[in-house]
Amino acid sequence: MLEIVQILQGVLERGLIFSVVVAGVYLATQLINFDNLSIEGAFGLGGALTALLLFYGVNPWATLLCAILAGVLSGVVTGYLHKNLKLNPLISGIVMTTGLFSILLKIAGSNMMINQQITIFTTFKFIPNYVQKLLILILLMSLLFVCIRWFLTTEIGFLLHALGDNPQMLINVGKRVDRYTMLGIGLSNGLAALSGALFVQYTGYFSIWASVGILIIGLAGMILAQSISKSFGMGLLLGSIFYQVIITLTFELQLDQSWNKLITAVLIVLLIVLKGSLRKS
Amino acid sequence: MSYKSLLIIILAGVSMMIAITLLRNKTTKKNQYTIGILQTAAHPALDATVKGFIESLHEQLGDTVEYEIQNAQGSITQAHALAQKLHIQKKYDLFFAVATPAAQALKTQEHERPIIIAAVTDPKTVGLIEHNGNVCGVSDMIDVPGQIEFMLSLVPDAKTVGLLYTAGEPNSQVLVDLMQQELKAKNLTPVLCALQSETDAQAAMELACRKCDVILAPTDNTVASTIALLATIADQYQKPLIVSWLSDDIKEHKGVLAARGVNYFEGGKQAGTMAYQLLTQQTTAANLGITTIDSQNTYIKP
């Protein structure tokens with residue numbers, strides 16, 4: 001029985017960490033209507049920077065902030081490529097992720113171990129380590145999601161929403177579309193970078209290949225979340241966690257491992273179809 | 001759809017997971033030993049390592065060992081999730097991690113039971129080795145000075161040497177740094193031809209063929225995967241290609257001039273012997289430590 005509790009705990013922890021990416025994908029794709037492919041690069045950037053800063057003994061919580069800032073910067077550059085240099089949204093994202101790969105190699109190399117004794121998951125010395133990870137993640141995610149929800153109700157939040165629906169409206173009220181696009185992508189990438197930073201502190205090492213496939217995790221989580229509600233909130237967390245359940249299921253089924261990816265694909269299709277038929281009934 | 005219906009779906013998924021976990025535990029036969037294997041990706045060299053490991057254990061212990069092979073399919077997130085899954089199950093006596101990401105994922109979670117690693121070139125720089133740790137295994141480090149000597153014996157008048165490797169592979173980086181030092185010491189000019197992914201292999205190889213007298217490839221997963229293509233290009237340009245690993249398929253490519261270096265199947269067998277010692281004798285992982293693959297075989301195209 002303990003085994004199942006531990007499996008579920010792992011699923012929850014990973015689901016919570018990747019829910020930040022899901023939120024980032026949501027902000028770009030749903031809110032400002034920009035298909036952001038620079039998410040993968042930003043995830044790696046957050047991870048690399050965290051690994052490097054931890055190596056130099058920076059406070060683990062401070063590294064999270066630095067990661068977010070670096071992520072925001074990468075998003076702003078992506079937005080600049082798209083809006084000012086007129087690159088197609090998909091191209092600007094791909095270009096950014098490609099370029100960041102070299103920067104990541106320069107920041108942290110291809111692989112970097114960190115000291116697991118000093119991470120945000122060891123902040124409270126009096127709580128045993130195995131509960132602490134989950135506890136800190138739950139606290140952090142609740143805080144983060146409440147903050148973003150609040151932010152979306154502010155004037156800037158409304159304007160971002162308007163940007164996705166009808167960019168002309170922004171021009172009518174005298175706001176600059178390019179600035180708001182950069183802000184939206186910046187937030188999206190900032191969140192992806194935070195997720196990358198959390199993942200490095202959680203697993204104990206940075207690897208340049210960790211960001212490969214992150215976009216799928218983010219997109220799948222968001223699509224699953226859409227089945228609950230179109231707005232920002234708990235749905236994104238649940239979607240991300242549920243995607244981890246699917247992944248874990250494919251391990252637990254213990255079929256030939258080569259089938260894993262196909263099973264994941266089929267399960268996602270099934271879910272979306274199921275969601276459609278439930279809505280009709 | 002509301003929260004309620006999603007909750008039902010989530011509950012269904014979770015209960016399915018629980019049912020499968022319980023069912024699986026019931027159906028497992030009681031074997032004497034159980035070993036959890038975590039492989040980083042499906043790849044000829046890594047597959048050969050696992051095959052060698054299992055074969056060696058089979059020779060020494062017969063059918064008393066049960067294996068559970070998990071493959072992370074090249075994904076770090078998946079490697080971590082699988083390592084967690086292996087770590088929380090108490091039935092495993094020891095773990096076998098193949099290639100660096102798998103080894104790191106297991107090491108960061110499992111601190112008690114022994115982890116045998118293989119196909120890792122430099123376990124120290126990637127943080128796998130600590131004092132009195134639970135990691136032991138077989139490194140696939142090649143003998144770099146010997147490699148350069150071997151190259152010069154085949155192509156004595158070479159001046160520029162192309163080093164073909166993947167940027168971002170920690171193992172290759174270590175080897176390429178060593179090779180560069182060694183080449184410079186011998187007054188040869190190393191030319192770095194790095195590829196980022198398999199799709200760049202052709203471009204990198206063509207550059208190497210145009211610029212260099214001879215092309216040398218360290219043990220590198222991506223280079224190994226694209227060896228068929230690389231050998232064809234080498235053949236087109238009539239340039240000697242020398243690789244640092246030995247496998248059966250090397251001999252089939254007519255563009256490969258020679259191979260000298262590690263045999264992953266043998267490495268797997270050596271790791272299997274370590275597993276045998278850990279299971280049956282009173283020894284610890286710290287005692288066994290890290291060894292290199294004994295045999296440095298050579299193959300030269302007839």
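**A chat about a predicted two-chain model**

Q: Where does Gly13(B) sit?
A: In this model, which is predicted rather than determined by experiment, the place of Gly13(B) is in helix H1 of chain B, the helix that covers residues 3-27.

Q: And is Gly13(B) buried or exposed?
A: Gly13(B) has a relative accessible area of 8%, and because buried means under 20%, Gly13(B) counts as buried.

Q: What does Gly13(B) touch, leaving out residues up to four places away in sequence?
A: With those set aside, Gly13(B) touches Phe242(A), Val245(A) and Leu249(A).

Q: Okay, new topic: how many residues are in the largest nonpolar core?
A: That core has 97 residues, and the ones with the most contacts inside it are Met141(A), Leu198(A) and Leu236(A). Helix H1 of chain A, residues 2-31, gives the most to this core, contributing 13 residues.

Q: Which residues is Leu198(A) in contact with, beyond its neighbours within four places in sequence?
A: Leu198(A) is in contact with Ile17(A), Val20(A), Leu64(A), Ile120(A), Phe121(A), Leu140(A) and Met141(A). Apart from the largest core lies another one of 74 residues, and Ala119(B), Ala234(B), Trp245(B) and Leu246(B) are among its members.

Q: Switching to strands, how do S1(B) and S2(B) run, and how many bridges join them?
A: Strand S1 of chain B, residues 33-39, and S2(B) run parallel, and seven bridges join them. Within this pairing, Leu38(B) stands opposite Gln70(B) in S2(B). Between the two strands the chain crosses through helix H2 of chain B, residues 44-61, in a β-α-β crossover that is right-handed.

Q: Why is S2(B) described as largely enclosed?
A: Strand S2 of chain B spans residues 65-71, and five of its seven residues are buried, so the rest of the structure largely encloses it.

Q: Last topic: how many disulfides are there over all chains?
A: The count comes to zero over all chains. Cys147(A), for example, is in no disulfide, and the nearest cysteine sulfur, which belongs to Cys66(A), is 18 Å away. Cys147(A) is also partly exposed, with a relative accessible area of 42%.

Q: Why is there no bond between Cys212(B) and Cys193(B)?
A: A disulfide is a covalent bond between the sulfur atoms of two cysteines, and here a pair has to lie within 2.5 Å to be counted. The sulfur of Cys212(B) is 5.0 Å from the closest cysteine sulfur, in Cys193(B), so the two are too far apart for a bond.

Q: Is Cys212(B) buried or exposed?
A: Cys212(B) counts as buried, at 1% relative accessibility.

Notes. Residues numbered from 1 in each chain as written. Chains lettered and ligands numbered in written order. Predicted model: local features only at pLDDT ≥ 70, side-chain atom pairs only at ≥ 80, totals over all residues. Heavy atoms only, no water. Core = buried A, V, L, I, M, F, W, Y, C linked by side-chain atoms within 4.5 Å. Buried < 20%, exposed > 50% of the residue type's maximum accessible area, 1.4 Å probe, protein only. Helix = DSSP H or I, 4+ residues; strand = E, 2+ residues; numbered from the N terminus. Contact = heavy atoms within 4.5 Å. Pairing = 2+ DSSP bridges. Right-handed = clockwise from strand over helix to strand, strands pointing away.
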